[in-house]
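Good morning, colleagues. Please bring up the sequence and the structure, and I shall go through the model with you.

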Amino acid sequence: MRQTIVSILLVLSSMAAAQVTDYHAHAITDSYHELVAKHNMLLDEGFPLPQWSAEAHLQMMSEAGIDRTILTIPAPHPYFGDQTECNTACHQLNEELAQLATSYENFQFAAILPLPDVNAAIEEAKYALDTLGAVGVKLATNVYGQYLGDSVLDPLMAFLSDRQALVFLHPHKPSPVNENVMRQTPLAMQEYLSETTRTVCNMISRNVLARYPGMRVVVPHGGAYLPIAIPRMRSLYPVMRQNGLVGEIDFEANLNSLYFDLAGSPSEETIQALLTLTTRDRLLYGTDYPYVAPKVIKANIERIKQHLPNK
């Protein structure tokens with residue numbers, strides 16, 4: 001199912017006329033919370049899982065003027081060393097998300113896939129897209145060291161490209177990780193931005209998005225550090241290529257697959273930097289609910305309206 005991309009320019013400049021879609025929000029179901037708690041991983045990402053309910057989410061949407069939300073499962077990824085458990089958990093979570101989308105017309109969802117098993121991930125993606133009505137898939141930046149861009153994931157990338165899938169990236173705890181650094185500077189404060197940048201650059205360095213151009217990939221949190229990282233990659237590419245350190249990279253083809261959500265607290269500087277890398281029609285609205293409080297979400301909408309250029 002091909003999902004229409006609605007630009008943030010449209011949804012925020014004409015609230016009365018356009019449908020406002022939230023491209024970055026999470027559902028924390030009871031079964032997900034119980035699984036994470038069972039493995040003592042509630043604080044694995046350095047921040048407790050917030051409380052969530054469909055009713056509270058819908059109330060926030062109504063108050064903020066959001067018409068539709070695409071739900072995803074947050075971090076940590078439900079793989080704790082047992083692939084069978086992961087397969088079962090992802091299948092159950094996708095069915096729960098599908099039920100939410102069926103019960104509430106304002107919800108849609110992107111499926112969670114049981115990586116690191118690539119074959120299982122492809123089968124679950126088929127089921128979620130064809131049977132459950134998922135509008136796309138959510139991919140963690142890494143699954144305990146299996147980073148997007150790894151050649152082992154090429155069959156999954158090929159499948160998602162063939163299906164012209166909408167792919168939502170989301171940062172997860174890096175692997176390996178320096179625990180002392182994480183305690184001093186929690187993941188959400190900085191490392192999530194590094195992790196997103198690391199993963200997208202890894203995909204670009206292997207020309208993944210150019211080789212599998214059917215995917216439309218939503219990069220979270222205002223593109224993280226990509227407005228700095230990609231120009232550096234471009235400048236170093238000729239010498240790296242000449243010395244056989246990287247393969248062929250088609251930067252324009254890779255960038256053509258990318259869209260960017262503005263979840264978090266996008267400043268004027270963030271938006272201006274992102275617009276050096278992309279165009280306004282590729283900027284998407286996102287709340288990061290329930291990790292961001294409703295009053296902050298409303299303030300962020302006003303900030304984006306103020307700082308997004310009119311031309």
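Which residues have the most contacts inside the largest nonpolar core? They are L139, L156, M157, L160, V167 and M215, in a core of 84 residues. Such an arrangement fits a general tendency: in soluble globular proteins, nonpolar side chains tend to be buried together.

Let me take M215 from that list. Leaving aside residues up to four places away in sequence, M215 touches M157, L160, S161, A165, V167, V208, L209 and S257. There is also a second, separate core, made of nine residues, and I70, A110, V218 and Y259 are among them.

Before going further, a word on confidence. What you see is a predicted model. The average pLDDT of the protein chain is 91, and 93% of the residues reach at least 70. The exception I wish to point out is residues 1-17, where the pLDDT is below 50. In the model that stretch nevertheless has 48 contacts beyond near neighbours in sequence. Where pLDDT is low, the predicted coordinates should not be read in detail. I shall therefore leave the contacts of that stretch without interpretation.

Now the overall architecture. The chain contains 13 helices and ten strands. Its radius of gyration is 19 Å, close to the 19 Å that the globule rule gives for 311 residues, so the chain is as compact as a globular protein of that length. Along the principal axes, the C-alpha atoms fill a box of roughly 55 × 50 × 45 Å. Of the 311 residues, 56% count as buried. If we consider contacts between residues at least 6 apart in sequence, 78% of them join residues at least 24 apart. The exposed surface comes to about 13,500 Å², with carbon and sulfur atoms supplying 50% of it.

Let us return to the interior by way of helix α6, residues 154-162. Its buried residues are D154, L156, M157, F159, L160 and S161. An α-helix has 3.6 residues a turn, so residues three or four places apart point the same way. Against which elements do the buried residues of α6 pack? The partners are α5 (118-132), β4 (136-140), β7, α8 (191-205) and α9 (208-211). Three of the residues just named, L156, M157 and L160, are listed among those with the most contacts in the largest core. After the helix comes Q164, whose phi is positive, near 50°.

I turn next to a pair of charged residues. K173 lies in the loop between β7 (166-170) and α7 (179-184), and D44 lies in the loop between α2 (30-38) and α3 (54-64). Are these residues buried or exposed? K173 has a relative accessible area of 17%, which is under the 20% cut-off, so K173 counts as buried. D44 is buried as well, with a relative accessible area of 17%.

Their side chains are joined by a polar contact of 3.3 Å. The side chain of K173 also makes a polar contact with the side chain of E179, at 3.3 Å. Apart from residues up to four places away in sequence, K173 touches D44, E45, N142, E179, L187, Y192 and E195. On the same basis, D44 touches P76, Y144, K173 and L187. Thus L187 appears in the contacts of K173 and in those of D44. D44 and L187 are 143 residues apart along the chain, yet their C-alpha atoms are separated by 9.9 Å.

Finally, the backbone. Most residues other than glycine have a negative phi, and most peptide bonds are trans. Where does this model depart from that pattern, with cis peptide bonds? One joins S175 and P176, with omega about 0°, and P176 is in the loop between β7 and α7. Another joins Y289 and P290, with omega about 5°; P290 is found in the loop between β10 (283-284) and α13 (294-307).

The loop between β10 and α13 also holds D288, which has a positive phi of about 65° although it is not a glycine. D288 is buried, at a relative accessible area of 10%. H221 likewise has a positive phi, near 55°, and its place is in the loop between β8 (216-219) and α10 (226-242). At 15% relative accessibility, H221 counts as buried.

Thank you for your attention.

How values were computed: Residues are numbered from 1 along each chain as its sequence is written. This is a predicted model: local features need pLDDT of at least 70, side-chain atom pairs count only at pLDDT 80 or more; totals for chains, interfaces and linings use all residues. Side-chain values use heavy atoms; hydrogens and water are left out. pLDDT is the predictor's confidence in each residue, from 0 to 100. Contact means heavy atoms within 4.5 Å. A nonpolar core is a set of buried Ala, Val, Leu, Ile, Met, Phe, Trp, Tyr and Cys residues joined through side-chain atoms within 4.5 Å. Buried means under 20% relative accessible area, exposed over 50%, partly exposed in between (1.4 Å probe, protein chains only). Helices (H or I, at least four residues) and strands (E, at least two) are DSSP runs, numbered from the N terminus. A polar contact is a pair of N or O atoms within 3.5 Å; within protein, one must be able to donate a hydrogen and the other to accept it, and residues adjacent in sequence count only if both atoms are side-chain atoms. The radius of gyration is taken over C-alpha atoms; the globule rule is 2.2 Å times the number of residues to the power 0.38. Accessible areas come from the Shrake-Rupley method with a 1.4 Å probe; for residues, only the protein chains shown count as cover.
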